[in-house]
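Let's take a walk through this chain together, starting from one residue and working outward. Keep the viewer open as you read.

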Amino acid sequence: MESSTHSTADFGRLVWISDDVDGFVAARITDITHNGFQLTTESTNQTVTRRYEETFACEEDPTKSVEDNCALVHLNEATLLNNCRLRYANGKIYTYVANILISINPYQLIDNLYSSETIKEYRGKSLGQKEPHIFAIADKAYREMRRNKTSQSIIVSGESGAGKTESQKAVLKYLCENWGAEAGPIQQRLLETNPILEAFGNAKTLRNNNSSRFGKFVQIHFSDSGSVAGGFISHYLLETSRVCRQSSGERNYHIFYQLIAGASPDLYEKLRLAPANKFNYLKHGATMFFVNSKSSLKIASDRFSETDTVSDSIISDIDDFAKLEKALGLSGLGNSEKMFIWSTIAGILHLGNIEFEENSNDSRGGCRITGDTENSLMSASELLGLEPEELRMGLCARIMQATKGGVKGTLIRVPLKAYEAAAGRDALAKAIYSKLFDWLVAQINKSIPFEKSSAYIGVLDVAGFEYFAVNSFEQFCINFCNEKLQHFFNERILKQEQEMYESEGLNIQKIEFSDNQDCIELFEKKPSGLFDLLDEEAKLPRATFQHFTQRAHESNKGHFRLDAPRKSKVKSHREMRDDEGLLIRHYAGTVCYETRYFVEKNNDQLQNSLEMLIEQSSFPLIVALFQNESSTGAVKTGGRLKAVSVGAKFKSQLSSLLDKLNNTGTHFVRCVKPNSQMKAWQFDGSAILGQLQCAGMASVLRLMQEGFPSRTSFSDLYSMYEKSLPPSLARLDPRMFSKCLFRALGLDSHDFQFGNTKVFFRAGKFAEFDQMMKQDPDTMMELISKVTDWLIKARWRKAQYGTWSVIKLKNKILYRADKIKKIQAWMRGYLVRKRFHKRPILGQFLDQIQANLGH
């Protein structure tokens, strides 16, 4: 409850109490105990007890929703959750917390939610003027970019399956449709980047049918006139391990299934394709197609590997393949380059079907390709532009350079064991796919160039926080990225905001929040950070994951965030040995990582022999993929090339990204996953509450209601109007001009507050703030006219007040003079009367007084 005192007035009061299923349920207080309440739940009429801290105040009308949670009378986690539940039940997926947008995934297309008509409705509208929407955030970012002449970032965050990718697409659509008309084909190319990136970078997981398995920061650049000038895409940490193996129920990247479903009969035959369950890189996961009500009829029956299909309102493999072909064409890729892409993807599939067995005829213990997979060798060779025998030798043996015992530099062919050859084959497949993805992003960037850019709006979409039954190196990196972004959010919204209030002299109550700096230090602090320990392990002659795990526990002994797997609440995790896993307490929950493949996955360097092999390809584009120096991930140290680990590369990319974010104005969209079954319009209160708590939204809610999310400095406000000001206003100092402007607008003094250098607006007053900050000439002249009128009226009121003050003073002087005469007359009479009743001496004394009064 919000009060620590309880009285008989609490009896019968409706409150929220914690609940394991719904997060919070409504209940009425029936009794007060020494440490809590006895209550009766509204829905089940069940009697329960709760401690005081588990009971939260309820709104007077708990069935009434608000667009901005800051408008709630009682601010707590329960009212926040209930408001989101009410809006979601009414088909409204967006809700504000001041200028932060909460978006709950509906798992269903909503008519006209992102239509061109809706886009027009939100252009130029302030937050609060229209229903909460992702378009309102995009419009706010654009106007602040123009107003402040600084780049902006929209950070879309949330768990996997929360709808981040769709939110990012909506922002791009809004910006391009409003301000991309002059950009011509560049606008269309910007919008058509999504089919390409989703095909090659998204996949079905257990929690999301269209999960981004990489991070991307899409920058839309604008010219001085405010129109779209071009764009640039940065990408981070593609999950290459998915190319070779997926968990049960998950799929490989969409492109593999799109190609099988959508390839023309001639192309299907030329690439020697087959149903998904015929390929080793696909059959271990789910092999069904995504379809909609019509698309399943378009796919040839002999291409299905399972009778089941998945119906999805957004994804359709055969339709998406057609969109992909169109998007590739708009990105400037011709038929030959498209054919190169299809051949490479099919070549990877056939490469995965090559299997190995021990060669009994090889005295050195080498292996050979099995007879059953010779056809796969031939197909992979042809599609990748390699000679079959060269590919055979490259896979079954590796080339080493002698450094001792012979002529220095002599190449030695070392046969590989079957498992070593299989590992090399998978490494080659992952390397080809990763380089192809890099090349595609580079081609997209070439198609959306910009010559001059005054500023940009960047949209960040990274993989959300993940925790599965088995968590490996991919989840380790993804969750570290989310820790860094959560820390950025805490710093930008909670810490820096409160520090600014304090420095500006605003009396705002301090809001406590959970800081995750110690968790970030666990990952990256030198020399005991987990990434550094992993890199050090790779340098050892015989690196093992057990030794790395043991060192991690020893180097961080007693660290609150790190523990052994046996401390997990999950039975399968408790069965792991201490040197086989790491239990890390993240901001969003505790995750147990299995470290078995950490060392291998941290090293993505391809064997020299395989790299030399691929450079012999007859396809120039294949060769070019591996000759791109920017993608080799190597740095030069002392004249030698030193491989950069996956973790180190990712840390460097993440550091560069955060530098960009720190130099931009930021806008936050918090995406929420409503349920784990991906069912449309099903609200899982407990799961949603957990996500809101982890995102720090309860703390933000309290801060935003108490604080002032919109602000501008006096000098910036004055400089906006300075050129248009008449002499009578130009001589005012910035602070005085700001006060005049606020008075002229008739703003309630409760809605804003003046600091030492800035003026601040309360949440919910964005419309008034935007009106004041608009830079179009008509609005500025209208406001200046209001200020001039207000000043004239203020001066007239001042002159009137001065005149009234003089008249009042004159009347007061006359009044006092009259009263003094009356006092004097009374005293004279009193003294005369007293003279005849007192002794002569006293009478003489009184005569003397009277004489003095007369003078």
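Our starting point in this predicted model is cysteine 70, which sits in the loop between strand 5 (55–57) and helix 1. Is cysteine 70 buried or exposed? Its relative accessibility is 11%, below the 20% cut-off, so cysteine 70 counts as buried. Try locating alanine 98 as well: 28 residues separate it from cysteine 70 along the chain, yet their C-alpha atoms are 6.2 Å apart.

Helix 1, which covers residues 77–89, also brings us to a cavity. Searching the whole structure turns up 2 cavities of 30 Å³ or more, and the one beside this helix is the second largest, with a volume of about 60 Å³. Helix 1 gives the largest share of its lining, 3 residues. Around this second largest cavity you will find Trp16, Cys58, Glu59, Pro62, Lys64, Leu72, Thr79, Asn82 and Asn83. By character, that lining splits into 4 nonpolar, 3 polar and 2 charged residues.

Now move on to the largest cavity, whose volume is about 100 Å³. Which residues line the largest cavity? They are Arg213, Phe214, Gly215, Tyr236, Leu237, Val462, Ala463, Ile478, Cys481, Phe650, Leu654 and Leu657. Two helices, helix 15 (473–503) and helix 23 (646–662), each contribute at least two residues to this lining, and helix 23 has the largest share with 3. The lining of the largest cavity holds 10 nonpolar residues, 1 polar and 1 charged.

From the cavities, let's turn to the packed interior. In soluble globular proteins, nonpolar side chains tend to be buried together. Here the largest nonpolar core has 194 residues, and Phe200 and Ile341 are those with the most contacts inside it. Helix 14 (residues 418–447) supplies the largest share of this core, 14 residues. Another core lies apart from it, with 21 residues, including Met720, Leu729, Phe752 and Val759.

Both contact-rich residues of the largest core deserve a closer look. Leaving aside residues up to four places away in sequence, isoleucine 341 touches Phe200, Leu328, Leu333, Leu436, Trp439 and Leu440. Phe200, in turn, is one of the buried residues of helix 6. Why is helix 6 described as largely enclosed by the rest of the structure? Spanning residues 193–201, helix 6 has 8 of its 9 residues buried, so the rest of the structure largely encloses it. The buried residues in helix 6 are Thr193, Asn194, Ile196, Leu197, Glu198, Ala199, Phe200 and Gly201.

Finally, zoom out to the whole chain. It has 31 helices and 28 strands. Its radius of gyration is 36 Å, well over the 29 Å that the globule rule gives for 855 residues, so the chain is more spread out than a compact globule. Along the principal axes, its C-alpha atoms fill a box of roughly 155 × 65 × 65 Å. Of the 855 residues, 51% count as buried. As for contacts between residues at least 6 apart in sequence, 66% join residues at least 24 apart.

Terms used. Residues are numbered from 1 along each chain as its sequence is written. This is a predicted model: local features need pLDDT of at least 70, side-chain atom pairs count only at pLDDT 80 or more; totals for chains, interfaces and linings use all residues. Side-chain values use heavy atoms; hydrogens and water are left out. On a 1 Å grid over the protein atoms alone, a cavity is a set of points where a 1.4 Å probe fits but cannot get out, and a pocket is an open set with protein on both sides within 12 Å along at least five of seven lines; lining residues have an atom within 4 Å of a point. Grid points are joined across faces, edges and corners, and a volume is the space filled by probe spheres set on the points. Helices (H or I, at least four residues) and strands (E, at least two) are DSSP runs, numbered from the N terminus. Ala, Val, Leu, Ile, Met, Phe, Trp, Tyr, Cys and Pro count as nonpolar, Asp, Glu, Lys and Arg as charged, and the others, Gly among them, as polar. A nonpolar core is a set of buried Ala, Val, Leu, Ile, Met, Phe, Trp, Tyr and Cys residues joined through side-chain atoms within 4.5 Å. Buried means under 20% relative accessible area, exposed over 50%, partly exposed in between (1.4 Å probe, protein chains only). Contact means heavy atoms within 4.5 Å. The radius of gyration is taken over C-alpha atoms; the globule rule is 2.2 Å times the number of residues to the power 0.38.
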